[in-house]
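Subject: Structure handover

Hello,

Here is the structure you asked for. Please open it alongside this message; my notes follow below.

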Amino acid sequence: MSDWPVPPDEMVVDDETRLRPVFESPPEQMYSLIDANRSRLGRYLQFATPEYSLEDAREYARQCRDKWGRQGEQSYAIIHGGQLAGTIGILRFGSDNRAVEIGYWIGVEFEGRGIVTACVEKMLEMCFDRLAVNQVNIGAAVDNRRSRAVAERAGFRLDGVTRQWLVNGSGGLDDMARYSMLRNEWLELRR
Amino acid sequence: MSIEPPLPTEIQVDDEISLRRMFDTPAEEVHALVHRNMEHLGRFLGWATPDYGLEGVREFQRNKRAKWSKSEEQGYSIYFKDEYVGAIGMRGFDSPVQAASIGYWLSEHAQGSGVMTRSVAALIKLGFEAYDLNQVIIKAAPENIRSRAIPERLGFTATGAERQMAKNAKGEYLDLVTYSLLKSEWAG
């Protein structure tokens, strides 16, 4: 585990977009963004329940702060034009700790501008160049077209569908489309 | 947190096969069987290397014994006609989506008698009936035809692959073909 470098605290994605630790955004901001997008996020994401509260946002920020830099899991706030737009996180797994998963969501008012795709591409660069990761994975509910489109646009390959795997905001289970990109594929894409 | 109900210390699969807690098998026997099957196992299992040592087996067994009923992953030794022939394990009893995965290996000389198919079926039954699982997952390398034949024989659905997600004894990456069986599909 110790041979795996820690992801950076901040990343500049482009002129308008950057990533910083999720706990540096006030929980009130996080809560109001999630609240404004609650039903939309809850279709696919477990945390966005009808009961999601400001206290949940505070607890999440505390947990992210505790885990930060510990090489397991890091969650970033997507800041676009100075505003909190969503989050993108990285989680390690795999038998040799050379595989990671990234997950993301964004507020509806920020959709359609390629923000998440740009953030994913930045994460890929960080993972393959800086962390020497072998593989990056993305999982998305089968019906979550926008989320899947991000993976497909970034050049990920669809590996299969894990059945009844993702818990959504209503507590139901959704099938998950599994995407991956291998290091050699990324090097090929970047040429 | 402990696993409820407690895992059985022994599972009688049928009149030929029984599963016993893997740490109840003397470490010397585990060590000897793995070394006798080193080439056979090393094709698909990263830990089956020539330096697989007796002290490592003892340490692993001590650890699993101490965590019995607490570890979300536990393993059994497979006895066929009272002979120790392999191992089978299940992880994820306490998974938030009630999905557990099963892994296994069998001595080359014990192949061809349906030992593993029967053992896997017994663990599936335990998982669905006693642990309220929603699904059981099995993964095997694409080239591992014998291992893949087991979920295929037991009615699992192929759900794609995971690329470069395991390693063999030489340290080379292996892809894994994934299979799952939902409780609603289980014939019982």
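B:Lys67 sits in a loop of chain B, between helix H3 (54-66) and strand S3 (73-80). Keep in mind that this is a predicted model. B:Lys67 has a relative accessibility of 39%. That makes it partly exposed, because the class runs between the 20% limit for buried and the 50% limit for exposed. I also checked its distance to B:Asp15. The two residues are 52 apart along the chain, and their C-alpha atoms are separated by 29 Å.

Chain B as a whole

Chain B has five helices and eight strands. Their order along the sequence is β-β-α-α-α-β-β-β-α-β-α-β-β. The radius of gyration is 16 Å, which agrees with the value near 16 Å for a compact globule of 188 residues. The C-alpha trace of chain B spans about 45 × 35 × 35 Å along its principal axes.

Of the 188 residues in chain B, 51% are buried. Among contacts in chain B with a separation of 6 or more, 62% join residues 24 or more positions apart. The exposed area of chain B is about 9,000 Å², and carbon and sulfur atoms supply 50% of it. Chain B carries 22 positive and 26 negative side chains. The centres of these two sets lie 2 Å apart.

Chain A as a whole

Chain A has six helices and eight strands. Its pattern reads β-β-α-α-α-β-β-β-α-β-α-β-β-α. The radius of gyration of chain A is 16 Å, close to the 16 Å that the globule rule gives for 191 residues, so chain A is as compact as a globular protein of that length. Along the principal axes, the C-alpha trace of chain A spans about 45 × 35 × 35 Å.

Buried residues account for 50% of the 191 in chain A. For contacts in chain A with a separation of 6 or more, the share between residues 24 or more positions apart is 62%. Chain A exposes about 9,200 Å², with 47% of that supplied by carbon and sulfur atoms. There are 25 positive and 29 negative charges in chain A, and their mean positions are 2 Å apart.

Where the chains meet

How many residues does each chain bring to the contact? Chain B gives 21 residues and chain A gives 23. Together the two chains bury about 1,700 Å². Carbon and sulfur atoms carry 43% of that area. On the chain B side, B:Val97, B:Arg163 and B:Met165 supply 42% of the area buried against chain A. No other three residues supply more.

B:Glu162 is worth a look here. It is found in strand S7 (residues 157-167) of chain B. Is B:Glu162 buried or exposed? It is buried, because its relative accessible area is 16% and the limit is 20%. Leaving aside neighbours within four places in sequence, B:Glu162 is in contact with A:Arg178 from the other chain. Within chain B, its contacts on that basis are B:Lys139, B:Asp175, B:Leu176 and B:Thr178. B:Thr178 is 16 residues from B:Glu162 in sequence, and the C-alpha to C-alpha distance is 7.1 Å.

Backbone points to check

Three places in the backbone deserve a note.

- The peptide bond from B:Glu4 to B:Pro5 is cis, with omega near -10°. B:Pro5 lies in the segment before strand S1 (10-12) of chain B.
- A:Gln164 is not a glycine, yet it has a positive phi of about 45°. It belongs to strand S7 (residues 157-167) of chain A. A:Gln164 is partly exposed, at 24% relative accessible area.
- B:Asp132 also has a positive phi, about 55°, and is not a glycine. Its place is the loop between helix H4 (115-130) and strand S6 (135-140) of chain B. With a relative accessibility of 48%, B:Asp132 counts as partly exposed.

Best regards

Definitions and conventions: Residues are numbered from 1 along each chain as its sequence is written. Chains are lettered from A and ligands numbered from 1 in the order in which they are written. This is a predicted model: local features need pLDDT of at least 70, side-chain atom pairs count only at pLDDT 80 or more; totals for chains, interfaces and linings use all residues. Side-chain values use heavy atoms; hydrogens and water are left out. Helices (H or I, at least four residues) and strands (E, at least two) are DSSP runs, numbered from the N terminus. The radius of gyration is taken over C-alpha atoms; the globule rule is 2.2 Å times the number of residues to the power 0.38. Buried means under 20% relative accessible area, exposed over 50%, partly exposed in between (1.4 Å probe, protein chains only). Contact means heavy atoms within 4.5 Å. Accessible areas come from the Shrake-Rupley method with a 1.4 Å probe; for residues, only the protein chains shown count as cover. Lys and Arg count as positive and Asp and Glu as negative; His and the chain ends are not counted. The place of a charge is taken as NZ of Lys, CZ of Arg, CG of Asp or CD of Glu. Buried area is the accessible area (1.4 Å probe) that two parts lose on being put together, summed over both.
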